2 protein chains.
Amino acid sequence: MTCAADYAPQLRARGYRMTPQRMTILHVLHHSGKHLSPVDIYEQARKELHGITETTVYRTLEFLAENGLVRSAHMGNGHLVYEIARHEHHHIKCRNCGSEMEVDHALLAKLYRQLESASGYRLTDSHVTFFGLCPDCQKGE
Amino acid sequence: MTCAADYAPQLRARGYRMTPQRMTILHVLHHSGKHLSPVDIYEQARKELHGITETTVYRTLEFLAENGLVRSAHMGNGHLVYEIARHEHHHIKCRNCGSEMEVDHALLAKLYRQLESASGYRLTDSHVTFFGLCPDCQKGE
DNA sequence: TTCCTTATTGCAACTTTTTGCAATAGCATA
DNA sequence: TATGCTATTGCAAAAAGTTGCAATAAGGAA
Ligand SMILES: [Mn+2]
Ligand SMILES: [Mn+2]
Ligand SMILES: [Zn+2]
Ligand SMILES: [Zn+2]
């Protein structure tokens, strides 16, 4: 759980607090490494921290995402999933079989710059999901 | 409501049926022109078609999206919104004040081709939301 | 027009996510 | 180490979204 404690200074610097609930949720995400749903996270977290509630899990995930410690993604079923914030990347997902692959942010860097200069917005999030058909599923159409 | 009836052949060609519920929902989306939540759509639709249920609205929206008559989008709060499928476009939204702007798909066309050749996937959906800070909100940081 | 197949709907029960509020507990300060 | 401010949590109730199943009705065929 020391991995999670490392985040404390980041939070304190912004006037927030590190709590057992936040530690636990960060710990779960850190060691999973993959996208997890709030319910997945709740199930794991309650093993490590008896008494944690679903409400807190939802609120904490939103909080951690706002503060850049985790990233959320829509993987097509209309539900959000979360992962610890590591390298910047995006996803491509097959509408048919659900297979996914990662796309490095470098591939989108130029587009991001174009969008920024065209719109005046500064883009802050880099975790987009593109949908399509994987090579296999393209055959059987 | 004739606008909605125009969609009937598209559905029948695929073995589906046009129903009062589908007509009404298409009618609502067609005349709104903007992104609407399922609840918004339900509230409007029930004025035009007494007795329509929320269940049907959710199922119909998913059905229409699968068949390309409407598009769904995640606008950041974790909830889906829907709109009638017109020109291909994307969105940029401000994380701070919520302001949005549209981005023509032409701006992403090259990226889409790159992603397709790099991944082997054929990208089918073009309705992505990018998040950032609008010009105004960049000042007050 | 009538009949028949089966796609579609409504209902009810259930799961997931959100919200207001009072109680709790980080952590900065002394 | 003790104190106080207020960020954070848990609880309970509500809102949003999903699912199984029996009843209904669209629309092709006769
Ligand atoms: Mn990811
Ligand atoms: Mn749109
Ligand atoms: Zn596939
Ligand atoms: Zn803004």
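**DNA strand C**

I began with the surroundings of DNA strand C in this predicted model, where 20 residues are near the strand (near means that a heavy atom of the residue lies within 4 Å of it), and I noted that Met18(A), Tyr58(A), Arg22(B), Thr56(B) and Arg59(B) come nearest. Of the atoms of DNA strand C that come within 4 Å of the protein, 68% belong to sugar and phosphate.

I then looked up three threonines of chain B: a polar side-chain atom of Thr56(B) lies 2.5 Å from a phosphate oxygen of DNA strand C, Thr19(B) has a polar side-chain atom 3.0 Å from a phosphate oxygen of the strand, and for Thr53(B) the distance from a side-chain N or O atom to a phosphate oxygen is 3.3 Å. As for elements (DSSP runs numbered from the N terminus, helices being H or I of at least four residues and strands E of at least two), I found that α5 (54-66) of chain A and, from chain B, α3 (20-32) and α5 (54-66) give two or more residues to the surface near DNA strand C.

**Chain A against chain B**

I turned next to the contact between the chains (heavy atoms within 4.5 Å), to which chain A gives 33 residues and chain B gives 33 residues. The two chains bury about 3000 Å² between them, with 66% of it on carbon and sulfur atoms; buried area here is the accessible area, taken with a 1.4 Å probe, that two parts lose on being put together, summed over both. I noted that Tyr121(A), Arg122(A) and Phe130(A) supply 22% of the area that chain A buries against chain B, more than any other three residues.

I counted 2 salt bridges between chain A and chain B (a side-chain nitrogen of Lys or Arg within 4 Å of a carboxyl oxygen of Asp or Glu), and I looked up the one in which the side chains of Arg95(A) and Asp125(B) meet at 2.3 Å, N to O. On the side of chain A that touches chain B, α6(A) gives the most, with 7 residues.

I also followed the strands across the interface, where β5(A) and β6 (residues 129-133) of chain B pair in the antiparallel sense over 2 bridges (strands pair if DSSP finds at least two bridges between them), and I saw that Leu123(A) stands opposite Gly132(B) of β6(B).

**Conventions**

I number residues from 1 along each chain as its sequence is written, with chains lettered from A and ligands numbered from 1 in the order in which they are written. Local features need pLDDT of at least 70 and side-chain atom pairs count only at pLDDT 80 or more, while totals for chains, interfaces and linings use all residues, and side-chain values use heavy atoms, leaving out hydrogens and water.

Conventions: A polar contact is a pair of N or O atoms within 3.5 Å; within protein, one must be able to donate a hydrogen and the other to accept it, and residues adjacent in sequence count only if both atoms are side-chain atoms.
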